[in-house]
Amino acid sequence: MAGGERLTLAHISDLHLPTIGGFGPHHWTVKRTLGYLNWQRGRKLSFTRSAVDALIADMAGHRVDHIAVTGDLINLGLPAELEAAAGFLKGLGSPEAVSVVPGNHDIYVRLNSDPGVARWREYMASDAFGQAVLAGIGARADGFPFVRRHGRVVLIGLNSALPMPPFVAAGLLGGQQLGALERVLAQLKAQGLARVILIHHPPMASLAPRRRGLLDARGFEEVIARCGAELVLHGHNHTNSLVWADGAHGRVPVVGIAAAGMSRIAMGRHALARYNLLRFVEEAGMLTIELVGRGLSVEGGVVAEVERRVLKTSFALSGDTAGA
Ligand SMILES: [Fe+2]
Ligand SMILES: [Fe+2]
């Protein structure tokens, strides 16, 4: 970005694209059976493809440079669902224009020989800049963390999802991924770049109970305290939220987003479908992040602006100067 230019990132999460066929007897694990009953009893009343499509159609009317999808594209981790979601991503944009991190419903049960979310690999891969950053650090075998650069803004994708027992929706980053994240954050800070972290689970212990939260949230918070970051985007809670993490160079906004597929509130505790536009405006080496929320304000309504705020006023991009 040159002076005055802006990068616009769209954040969308928890699409929960309606469950389709593809069930074989070997797919019926206890966890999937319970998940399927949960879908039939409640979720299918709330989640619709039309809500997702309405958000994406609205997005097309704004100048979006990149789309970040923070997981739970599907429901039961079925191969047929994963395949359908791969087709959905292709329609959403090219792998260069869309970044994805998986959620607990995408990596739902152990899949043995099936490739699972690796079907979405191109959307979860480091670009050439990121590969160079990670060359001296090392990513996990699944490619996480991934690093992608857009001008002075760098996206860092984390995988917090792994198969869990029934009734558990928790996530875990693990020591290897946390260690790599710490080194990536430090290196990008030294290069004077803005660092945006994408993760499915809310990454602070205060944001979710242990049964459905990030089990090593404390470890994540410690990494942020040591290295800082400019923005964290997450999903999973199906609510809109903003909290601040203590970072080495100032407070870090941690933004949660409503579920993109939520067209009706059946359980009375979730927010309606929405996506956020994050606008990074650079002027004279300073960066400002603006947030514009667009979504449904009433069931059956149209997508419109529902929130607008400045998340972070100008902070220096130079690695030598402390941020706001
Ligand atoms: Fe979800
Ligand atoms: Fe989730």
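These are my notebook entries on a predicted model of a protein.

**Entry 1: the whole chain**

I began with the overall make-up and found six helices and twelve strands. I then looked up the radius of gyration, which is 19 Å. The globule rule gives 20 Å for 324 residues, so the protein is as compact as a globular protein of that length. Along the principal axes, I noted a C-alpha trace spanning about 60 × 45 × 35 Å. Of the 324 residues, 44% count as buried. I also checked how far along the sequence the contacts reach: among those between residues at least 6 apart, 68% join residues at least 24 apart.

**Entry 2: the sheet that holds β2**

Next I traced an open sheet of six strands, and its order reads β3-β2-β1-β10-β11-β12, with mixed pairing. Which strands stand at the edges? I found β3 and β12 (304-316) there; each has a single partner strand, so one side of each is left without a neighbour in the sheet. From one strand to the next, the twist averages 20°.

I stayed with β2 (residues 66-69) for a while. On one side it has His66 and Ala68, on the other Ile67 and Val69, and all four are buried, leaving both faces of the strand covered. Strand β1 (residues 6-12) runs parallel to β2, and four bridges join them. Two of the pairs I wrote down are Leu9 with His66 and Ala10 with Ile67. Strand β3 (residues 98-100) is also parallel to β2, joined to it by three bridges. There, Ile67 stands opposite Val98. Ile67 thus turned up twice in my notes, as bridge partner of Ala10 and across from Val98 in β3.

**Entry 3: the sheet that holds β9**

Another open sheet has six strands in the order β4-β5-β6-β7-β9-β8, again with mixed pairing. Its edges are β4 (146-150) and β8 (241-247), and each has just a single partner strand, so one side of each lacks a neighbour in the sheet. Direction ignored, neighbouring strands here are turned by 20° against each other on average.

I looked into the pairing of β7 (residues 231-234) with β9 (residues 250-256) and found three bridges in the parallel sense. Val232 has Val254 of β9 as its bridge partner. Helix α6 (residues 217-227) packs on this sheet, where it touches β8 and β9, and its direction makes about 60° with that of β8.

**Entry 4: helix α5**

My last stop was α5 (residues 175-190), a helix of 16 residues. From first C-alpha to last it reaches 23 Å, close to the 22 Å expected at 1.5 Å a residue. Which of its residues are buried? My list reads Gln177, Ala180, Leu181, Val184, Leu185 and Leu188. Seen down the axis, these fall within an arc of 135°, so they line one face of the helix. The spacing made sense to me: an α-helix has 3.6 residues a turn, so residues three or four places apart point the same way. On the face turned away from the buried side, I noted the exposed residues Gly175 and Ala190.

What covers the buried residues of α5? I found α4 (128-135), β4, β5 (153-157), β6 (194-199) and α6 among the elements that do. Of these, β4, β5 and β6 belong to the sheet of Entry 3, and α6 packs on that sheet. Finally, I checked what comes after the helix: α5 is followed by Gly192, with a positive phi near 70°.

Technical notes. Residues are numbered from 1 along each chain as its sequence is written. Chains are lettered from A and ligands numbered from 1 in the order in which they are written. This is a predicted model: local features need pLDDT of at least 70, side-chain atom pairs count only at pLDDT 80 or more; totals for chains, interfaces and linings use all residues. Two strands pair if DSSP finds at least two bridges between them. Axes are lines fitted to C-alpha atoms, for helices over the stretch in contact, and angles run from 0 to 180 degrees between N-to-C directions. Two residues are in contact if their C-beta atoms, placed from the backbone, lie within 7 Å. The radius of gyration is taken over C-alpha atoms; the globule rule is 2.2 Å times the number of residues to the power 0.38. A residue is buried if 20 or more other C-beta atoms lie within 10 Å of its own, exposed if 12 or fewer, and partly exposed in between; C-beta atoms are placed from the backbone. The expected span of a helix is 1.5 Å times one less than its number of residues. The arc is that of the directions from the helix axis to the C-beta atoms.
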